[in-house]
Amino acid sequence: MQLIWLRSDLRIDDNTALSAATQQGPTIALWIASPEQWQAHDDAPAKVDFWLRNLRDLRHALDALNIPLLIGHTDTWQQVPQTVLAVCQKHKVQTVHWNDEYGLNEAQRDQQTRECLEHAGIAVKTHLDQLFFKPGTLLTKAGNYFQVFGQFRKACLEHLHRSLPAQAHRVKAQAPLSIAHDPIPQHIAGFDKPAQSIRDHWPAGEQEAQARLGRFVDELIDDYHVARDLPATPGTSQLSAYLAAGVISPRQCLHAALTSNRGELDSGSQGARTWIEELLWREFYKHILVGYPQVSRHKAFRAHTEALPWRTAPDDFEAWQQGRTGIPLIDAAMRQLLHTGWMHNRLRMVVAMFLSKNLLIDWRKGEQHFMRHLIDGDLAANNGGWQWSASTGTDSVPYFRIFNPVTQSQRFDPDGRFIRHWLPELTQLDNKTIHLPVKSSDLFDTSCYVSPIVDLGKSRQRALAAFKGLSAASS
């Protein structure tokens, strides 16, 4: 008997571990709920609900293949090895398969599970599935992990030109087993059911993920390099949640993009090339997790930036969280996050830079807030993006480059469509005023917008002084 331990790979097609297991013999599947661990990782209720909804869809697909789905329960990952072992012993499993995950806790969990199983005489086979390249196989000439994305991208493209990652063999139906599916929980204690608006925005299932991919490459990908920066325009793939949960694979995305671009990696459609580059950014940050494990420990990649004089400003932080900073683009973006469990990628950079630079509040607070709300929350991508914006990370933006959210608004939402959607109180403003409304002097005007909580010019100078002081102290 073979066991596939499902984690962030909730799909049938192009699932490396599942394909390998079923080729070796009769297979059963296991998924383990670990709510205390998820809470420690700040996983969002929307994300946990998305897992459960995708599990239900996956169970139907597994049922058609005669693969039983078992559900385990542990508080934390410390109990996972014994839980997997118990399932193996009950069902006489010879080999356990799983797809690699990345991060310190994930690596520790998997190593302990491997040792427990092998001690009991049960074989373990792990598989590369989330990434195109196994971490440690793409290194600089000095033998180190890359710290600059441009160099990493070049190395990736050189390898991809030589050989594209093959998709896994399709899984075929097996003979029925006398093992019943376990019931999938409707709800996990400690995680509130998300708003219906979030569930409606993110339907579950492989079929939905593939439909989104198909629509994107057929209709949008050629304009992606321009449309991806316009938050009011549906110019992105909207696949991030499905990639994070493994409902679709990066290989499937890469092959679809290449098919739309006649097989070209670095010529042809600029939109397709730009989207492939985004897949490589995702790859880059997961390699960073492995090569520089301090980022899994809530540490800055650039150690000297730990000395930055972050402000303790709970009122400012709360205003940022709730979308009432008085800066329309910031507030619209934060409300989009609360309402949909997702935020447009350019706006993630803008709001992150506003928090870490204009408000000079520790980027880790923002990183945590995002994880607690994002349906596509991913440690590597979220940490990488926050540290890039805060100028504390690998390949990060220079500290003196600080996005002006009003300028960003004027450039990427010129007619205020995105702002008007999320801030209906500003609907009546003209296209010039809407980017930074002037506070009404009418004391009885209840429709007026809040005043900005910070002066953008002065706060920019404050951030520059803090980073300059840091540079002087470390030199």
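A nonpolar core is here a set of buried Ala, Val, Leu, Ile, Met, Phe, Trp, Tyr and Cys residues joined through side-chain atoms within 4.5 Å. The structure in these views is a predicted model.

**Figure 1. The largest nonpolar core and the surroundings of Trp-31.** The largest core holds 125 residues, and the members with the most contacts inside it are Trp-31, Leu-69, Trp-275 and Trp-320. Helix H12, residues 270-291, supplies the largest share of this core, ten residues. For Trp-31, the contacts beyond four places in sequence include Leu-6, Arg-7 and Leu-10. Trp-38, Trp-51, Leu-52 and Leu-55 are also among the contacts of Trp-31, as are Leu-69, Leu-70, Ile-71 and Gly-72. A second core, separate from the one around Trp-31, has 20 residues, including Met-1, Cys-88, Val-93 and Val-124.

**Figure 2. The five-stranded sheet and two helices packed on it.** The sheet is open, its pairing is parallel, and its five strands follow the order E3-E2-E1-E4-E5. Strand E3 (69-73) and strand E5 (123-127) are the edge strands, each pairing on one side only. From one strand to the next the twist averages 25°. Helix H4, residues 80-91, packs on the sheet and touches E1, E2, E3 and strand E4 (95-99). The direction of H4 makes about 155° with that of E2. Helix H5, residues 104-119, also packs on the sheet, touching E1, E4 and E5. The angle between the direction of H5 and that of E4 is about 170°.

**Figure 3. Pairing of strands E1 and E2.** Strand E1 covers residues 2-6 and strand E2 covers residues 27-33; the two are parallel and share five bridges. Leu-6 has Trp-31 of E2 as its bridge partner. Leu-6 is also listed among the contacts of Trp-31.

**Figure 4. Strand E4 and its two neighbours.** In a regular strand, side chains alternate between the two faces of the sheet. In E4, Thr-95, His-97 and Asn-99 lie on one side, Val-96 and Trp-98 lie on the other, and all of these residues are buried. The strand is thus mostly covered, with five of its five residues buried. E1 and E4 run parallel and are joined by three bridges, with Leu-3 opposite Val-96 of E4. E4 and E5 also run parallel, joined by five bridges, and here His-97 stands opposite Lys-125 of E5.

**Figure 5. The largest pocket.** This pocket contains about 1,200 Å³ of space. Its lining is made up of 38 residues, of which Tyr-224, Glu-278, Trp-281, Asn-345 and Arg-348 are the closest to the centre. Helix H10 (240-244), H12, helix H15 (345-358) and H17 are the elements that give two or more residues to the lining. H12 gives the largest share, seven residues. H12 also gives the largest share of the largest nonpolar core.

**Figure 6. Ser-389 and Ser-391, at helix H17 and in the loop after it.** Ser-389 belongs to helix H17, residues 379-390. Ser-389 counts as buried because its relative accessibility is 1%, under the 20% limit. Apart from neighbours within four places in sequence, Ser-389 is in contact with Met-349, Ala-352, Met-353, Ser-356, Lys-357 and Val-397. Ser-391 lies in the loop between H17 and helix H18 (405-412). At 7% relative accessibility, Ser-391 is also buried. Most residues other than glycine have a negative phi. The phi of Ser-391, in contrast, is positive, near 60°.

**Figure 7. Asn-66 in the loop before E3.** The loop that holds Asn-66 runs between helix H3 (45-64) and E3. Asn-66 is not a glycine, yet its phi is positive, at about 65°. The relative accessible area of Asn-66 is 27%, between the limits of 20% and 50%, so this residue is partly exposed.

**Figure 8. Val-454 between helices H19 and H20.** Val-454 is placed in the loop between helix H19 (417-422) and helix H20 (456-474). With a relative accessibility of 15%, under the 20% limit, Val-454 counts as buried. Not counting residues up to four places away in sequence, Val-454 touches Phe-354, Asn-358, Leu-359, Ser-459 and Arg-462. Val-454 and Gln-24 are 430 residues apart along the chain, and their C-alpha atoms are separated by 62 Å.

How values were computed:
Residues are numbered from 1 along each chain as its sequence is written. This is a predicted model: local features need pLDDT of at least 70, side-chain atom pairs count only at pLDDT 80 or more; totals for chains, interfaces and linings use all residues. Side-chain values use heavy atoms; hydrogens and water are left out. Two strands pair if DSSP finds at least two bridges between them. Helices (H or I, at least four residues) and strands (E, at least two) are DSSP runs, numbered from the N terminus. Axes are lines fitted to C-alpha atoms, for helices over the stretch in contact, and angles run from 0 to 180 degrees between N-to-C directions. Contact means heavy atoms within 4.5 Å. Buried means under 20% relative accessible area, exposed over 50%, partly exposed in between (1.4 Å probe, protein chains only). On a 1 Å grid over the protein atoms alone, a cavity is a set of points where a 1.4 Å probe fits but cannot get out, and a pocket is an open set with protein on both sides within 12 Å along at least five of seven lines; lining residues have an atom within 4 Å of a point. Grid points are joined across faces, edges and corners, and a volume is the space filled by probe spheres set on the points.
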